[in-house]
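Trainee: Got a minute to go through a model with me? I'd like to talk over a few spots.

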Amino acid sequence: GQPLDANAGTVTSVAFNPTGTILATGNGDGTVRLWNPTTGKQIGQPLDADAGKVNSVAFNPTGTLLAAGNEDSTVRLWRITEPSR
């Protein structure tokens, strides 16, 4: 497939939600970006992790929460909804 244009410096981590409809990338600029893996398009605006480089991203088993582990040893959580089809 085509590379995703993250425009966020280094991509440090990736995770798919449980249904495979969202790809999250943790980035060196302190953002988390959500992508449609089928189209390669970004979903919404970047999520600001507000703490330097994002070291890891993970969805909970239902895909409703996204966690980002940051360089400052904090974890940020966001509620996530499935993209409309």
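Mentor: Sure, here is a short chat about a loop and a strand. Keep in mind that this is a predicted model, where local features need pLDDT of at least 70, side-chain atom pairs count only at pLDDT 80 or more, and totals for chains, interfaces and linings use all residues. Residues are numbered from 1 along each chain as its sequence is written, and side-chain values use heavy atoms, with hydrogens and water left out.

Trainee: OK, where does Ser73 lie?

Mentor: Ser73 is in the loop between strand 6 and strand 7; strands here are DSSP runs (E, at least two residues), numbered from the N terminus.

Trainee: Buried or exposed?

Mentor: Ser73 counts as exposed because its relative accessibility is 71% (exposed is over 50%, buried under 20%, partly exposed in between, with a 1.4 Å probe and protein chains only).

Trainee: And what is the phi of Ser73?

Mentor: Near 70°, a positive value in a residue other than glycine. Most residues other than glycine have a negative phi.

Trainee: What about Asp72, where does that one lie?

Mentor: Asp72 also sits in the loop between strand 6 (65–70) and strand 7 (75–79). Asp72 is partly exposed, because its relative accessible area is 39%.

Trainee: Switching topic: where is Thr25?

Mentor: Thr25 is in strand 2, residues 23–27. Thr25 is buried, since its relative accessible area is 4%.

Trainee: Which side chain does Thr25 have a polar contact with?

Mentor: The side chain of Trp35, at 3.1 Å. A polar contact is a pair of N or O atoms within 3.5 Å; within protein, one must be able to donate a hydrogen and the other to accept it, and residues adjacent in sequence count only if both atoms are side-chain atoms.

Terms used:
Helices (H or I, at least four residues) and strands (E, at least two) are DSSP runs, numbered from the N terminus.
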